[in-house]
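Thank you all for coming. I would like to go through the interfaces first, and then some of the side-chain pairings, of the structure that I am about to show.

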Amino acid sequence: MALPAEKIEAFEPRITAFVCNWCTYTGADLAGTSRLQMDPNVRIIRLPCTGRIDPLFVIKAFERGADGVIVSGCHPADCHYTSGNYHARRRFAVFNEILGFLGVEPERLTFSWVSASEGQKWREVVNDATARARRLGPFDAFRALAGRSA
Amino acid sequence: MARIGVFVCHCGENIGRTVDCARVAEELGKLPGVAHAIDYKYMCSDPGQALIKQAIAEKKLTGVVVAACSPHMHEKTFRRACGSAGLNPFLCEMANVREHCSWIHEDRDAATDKAVDLARFIVEKVKRNVPLETIRIPVTKRALVIGGGIAGIQAALDLADGGAEVILVEKEPSIGGHMSQLSETFPTLDCSQCILTPRMVEVYQHPNIKLMAYSEVAEVGGYIGNFDVKIRQKARYVDAANCNGCGACQKACIVRKVPSEFDEKLGKRTAIYVPFPQAVPNIPVIDRASCAYFKAKAKGVKKDACGKCKEACSKGAIDYEQADTFVTEKVGAIVVATGYTLYSIGKDQPEGLRGYGEYGYGTIPDVIDGLQFERLASASGPTAGKILRPSDGKEPKRIVFLQCVGSRDPAKGIEYCSKICCMYVAKHTMLYRHKVHDGQATVFYMDIRANGKGYDEFVRRAIEEDGARYVRGRVSRMYRDGETIKVQGFDTLSGEPVVIDADMVVLATAIRPQPGIEQLAQKLSASYDAHGFFNEAHPKLRPVETNTAGVYLAGACQAPRDIPDSVAMASAAAAKILGLFSKAELEREPTVAKVDAALCAGCFHCERVCPYGAITRIEVRDRKGNLVKIVAEVNPGVCQGCGTCQATCPSKSVELQGFTDEQIWSEINALLA
Amino acid sequence: MKELQELARTLLSSGTVGVVIGWEEGPRGARPAFITDAADSSRLIFDHRCTHNLATYLSPRRPHMARLGKAAIVVKGCDARAVAGLLRETQVKREDVVIIGVRCGGVAADPAGAKPLTAETVAERCPGCTAREPHLADHVVGEAQPEPPGAPTRDARIAELDAMSAPKRWAFWQAEFARCIRCNACREVCPMCFCERCVGDKTEPQWLESSPHPRGNFAWHVTRALHQAGRCVDCGECQRACPADIPLGLLNRKIAGIVADRFDYRATDDPTVPAPIGAFSMSDRQEFIL
């Protein structure tokens, strides 16, 4: 499925990130404050907590043309709301496996814990997710569901 | 039709250098529903805010999007500006085009495209924002302080002096905590009890403080301003109202060899006891497990059970039938000041920790810990202040102190520094030299962390004036050789192995949170770290708050703390609470969840996931009063707005205000331009 | 059969219940029966054609059932797990239902006709079943039954799919979902789909397109599967009800495997066992998280 090298160059994947307000969003703020340069392909949507992040968001993002999705929040034991991330971890463990079973390439979806002090890690998550989506190419399979190809 | 105003900030050059702000404004201006789009050098400046206010009035805006820095920086600023211009503050949102865009990209086109996207998502979101009203909740102007050590005492006194009623709950028979056990305190060597006991008495006599010693918090319900706390008062078997503290019962007690907790098992106490002479309250308790009367009762002896204390009591205050009682108190704020316990090197360890096999798992006699040394050094201690080793009562002439036992040792499960040990070990060497003039103290250390006022000078004094010998390195093995303890280590400065013969060894063992702290944290819905210390809301800016509104921290329940730190935290927590109590009503952000009772099927998955117990069950009845169904309802005072309920709800019948499905859907839907 | 009929008669004539939900002989094999008159108790049957999970009729979202009064329900071991699910999720109160358990030797995939139960006719979920003895019951009737015929097939099929490349698996499921006409039969028949308004019918916003269209079909089947995680009782009704023969049982079985593997949860008729979603463990595996 991987694209040939010259196409990888030209393709700019679109990646949607659903992040919690307290850890990842703040970590991404820190990456900014620290002027850490990263790929410009990720668009962040801010939620209060990973507990609020609904698998429906991920499906909808793919439907709207995302080539990759990032879900990110506080490390275990770090949740601003004490346990939202633990519930999210269960929810997305199942969701991730179901999507895989239905044939979505696992590289399309990135889950990560990024704390408010991990600006550097956020950059890695962004660059990794971008590189993986770039390798896989446009998520045409999903877009084809709508009868539309990128 | 929405009439959104978009305000793109240059942030001087911070955004403008990489993002073409004019193009962002221009592109956003083309979107349906956008009535006004401009860019400006500094949106957060007074003239910038004036532009927003003016546009709200002139263009009759129904929503505002400020594309600028992180909402964590200026969301409040812009919402306030909108509010003052008559637009509901919650109709204003920010697009983060600085931290998340201009600062992290160099390519001007790519950054500008991204900024347009980010602002576009927020425009779509704001189209679905609805006016929200700040939640106002009444405040009960009473505080609960959990723990009667120095932190709890200070918090209680500051609160009480500030006019608030305080309930101080202490699980031990007396307040005072670990500080009451200390002999002298660093870096001034003032007597610990001399500075503490007046405060203990003050607590006891303060008209605003209700002291509940020998009590524990059983349950916590409610929320900031309105907590309901159920407190278990453990049976003392002594009627506090009648007891005059004469001590006759203790003199009469036939069980005289119970290891004293206060003396760290180095001394003995009776079965009916007050932990120490200056105890507050000065009311004894019967330790049921040791008491001859209760032991006889448990064996089924009906007659002739001991009863000596009862006979001796002239006030008839002994009551063997007393039972635990529960009281429920309403409070508006809670200070957690549960303090610490010491790590022990034994074989049996809580999950995740390991003992010190190389030090014999605590089986070598005359290897004691820091608190035990405090009791030996204390004039009120079991040796009346003489430094005598426990095994044979001889005066140790060679004493070795080990720092970082457990602490900073990931192999034992504790990575952190216990903070106070460097200082109290220096103090111990001085106290030792002051009492054993011909004795030699040796200290094994990793680093000296003496970073408080007068602290480094204090350590220098221990070394230079009181002759403590400091060896940089860890001790790899300790074993017994006759009456001598062989302490085998490595001097990393000379690069040589060393073996030191010691008569006594004192371990500066790690500071750990009190056992049971996790259960308390769960009752309070507060979070704690991997070691069981409470998490502060922000490590720098909110050090004495927790993420649960209305719950504050003081002292070593949050991290290892010395006395000045604990006192400072306690006063800070008290100041926070007095601030809270200064208002008649509390204002809360209205970003809370709301259930649609018509759609809720009452499966209560939300109730299971809610970290705050904010979900209650309510009955829905038809006009005739017949029960139709039982559904969930969110208590907006308790809800903190995480939204876990909504993502869990199968039918999406609960909506988090400010982050509704409609709002998020619109953001996602805007992915494709 | 006599035992069942007698029990139903007693329950109805004593006024203990207003309706007994069981099975009866219909023009096309076994079918659900709602006996409200003690005299009709002799209509009740139980044999290998009684495939239907009747627990779906306990859903409080079926007001016509509520009008019949307190219900007694006949359940196979697998069906009892659905009743446990309804109790767990507070849809039914234990004192409001009389549970009559029947011992089961496996049921046919198709309740119609009189074909004997063989490896060919048995329902996919039955071979290897461990839930044939109902525990959640006020009464258990009937003799112990032999093991269902045949051998389990679904796990092998899942392993086969797991071994495929992602695009192949994608193609497989797309071909299956392409037949979906979004009739919602899978939802209507499911005892655990009791929402007042399914998220699939939500319009503001519309997360799941409701017309039979590949995009909406995919979103629906992912969401249905996710909502069944730790809740599905593997009664097989969704697959039986599906007019397009989409192998939903395969998907359900996969999810059951996931929750068993990750959260050590297996469908049970013990209502005190908490469902795995809505709970968590600090030590939940997180190998998929960076």
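Let me begin with the cut-off on which much of this talk depends: a salt bridge is called here when a side-chain nitrogen of Lys or Arg lies within 4 Å of a carboxyl oxygen of Asp or Glu. Please keep in mind throughout that this is a predicted model.

With that rule in hand, consider Lys629(B) and Glu196(C), whose side chains meet in a salt bridge with an N to O distance of 2.9 Å. Lys629(B) sits in strand 33 of chain B, residues 627-634, while Glu196(C) belongs to the loop between helix 6 (185-189) and helix 7 (214-228) of chain C, so this pair joins two chains. Are the two partners buried or exposed? Lys629(B) counts as buried because its relative accessible area is 11%, whereas Glu196(C), at 32%, is partly exposed.

That pair brings us to the interface of chain B and chain C, where 22 residues of chain B are in contact with 22 residues of chain C. The two chains bury about 1,800 Å² between them, and carbon and sulfur atoms account for 56% of that area. Across this interface the rule finds 3 salt bridges, and there are 12 residue pairs in polar contact, counting pairs in which both residues are at pLDDT 80 or more. On the side of chain B that touches chain C, helix 16 and helix 18 of chain B each supply at least two residues, and the largest share, 4 residues, comes from helix 18 of chain B. By residue class, this side of chain B divides into 11 nonpolar, 4 polar and 7 charged.

Let me turn to the interface of chain B and chain A. Here the contact takes 49 residues from chain B and 45 residues from chain A, and the area buried between them is about 3,900 Å², with carbon and sulfur atoms giving 56% of it. Which three residues supply more than any others of the area that chain B buries against chain A? They are Trp103(B), Ile668(B) and Leu672(B), which supply 16% of that area.

As for the charged pairs, there are 4 salt bridges between chain B and chain A. One pairing of chain A with chain B is that of Arg43(A) and Asp117(B), whose closest N and O atoms are 2.8 Å apart. The polar contacts between these two chains come to 22 residue pairs, again with both residues at pLDDT 80 or more. The elements of chain B that give two or more residues to this side include helix 3 (71-84), strand 4 (92-96), helix 5 (108-127) and helix 18 (661-669). The residues of chain B that touch chain A divide into 20 nonpolar, 18 polar and 11 charged.

Stepping back from the interfaces, the count over all chains comes to 82 salt bridges. One of these joins the side chains of Arg449(B) and Asp447(B) at 3.8 Å, N to O. Arg449(B) is partly exposed, with a relative accessible area of 34%, and Asp447(B), at 25%, is partly exposed as well.

Chain C offers another example, in which the side chains of Arg262(C) and Glu287(C) meet in a salt bridge at 2.4 Å, N to O. This pair links distant parts of the chain, with Arg262(C) in helix 9, residues 248-263, and Glu287(C) in the segment after helix 9, 25 residues apart. Arg262(C) is buried, at a relative accessible area of 10%, whereas Glu287(C) counts as exposed, at 53%. Salt bridges that share partners also build a network, which joins Arg46(A), Glu75(B), Arg79(B), Glu93(B) and Lys125(B).

Finally, the aromatic rings. A search of the whole structure finds 31 aromatic pairs over all chains. Among them is the stacked pair of Tyr356(B) and Tyr359(B), at 4.7 Å centre to centre with 20° between the planes, and both of these tyrosines are buried. Ring pairs also link a cluster of residues from chain A and chain C, namely Phe62(A), Phe101(A), Phe139(A), Phe142(A), Trp170(C), Phe172(C), Trp173(C), Phe177(C) and Phe218(C).

Terms used: Residues are numbered from 1 along each chain as its sequence is written. Chains are lettered from A and ligands numbered from 1 in the order in which they are written. This is a predicted model: local features need pLDDT of at least 70, side-chain atom pairs count only at pLDDT 80 or more; totals for chains, interfaces and linings use all residues. Side-chain values use heavy atoms; hydrogens and water are left out. Contact means heavy atoms within 4.5 Å. Buried area is the accessible area (1.4 Å probe) that two parts lose on being put together, summed over both. A polar contact is a pair of N or O atoms within 3.5 Å; within protein, one must be able to donate a hydrogen and the other to accept it, and residues adjacent in sequence count only if both atoms are side-chain atoms. Ala, Val, Leu, Ile, Met, Phe, Trp, Tyr, Cys and Pro count as nonpolar, Asp, Glu, Lys and Arg as charged, and the others, Gly among them, as polar. Buried means under 20% relative accessible area, exposed over 50%, partly exposed in between (1.4 Å probe, protein chains only). Rings of Phe, Tyr and Trp (its six-membered ring) pair if their centres lie within 6.5 Å; planes under 30 degrees apart count as stacked, over 60 as edge-to-face and the rest as tilted.
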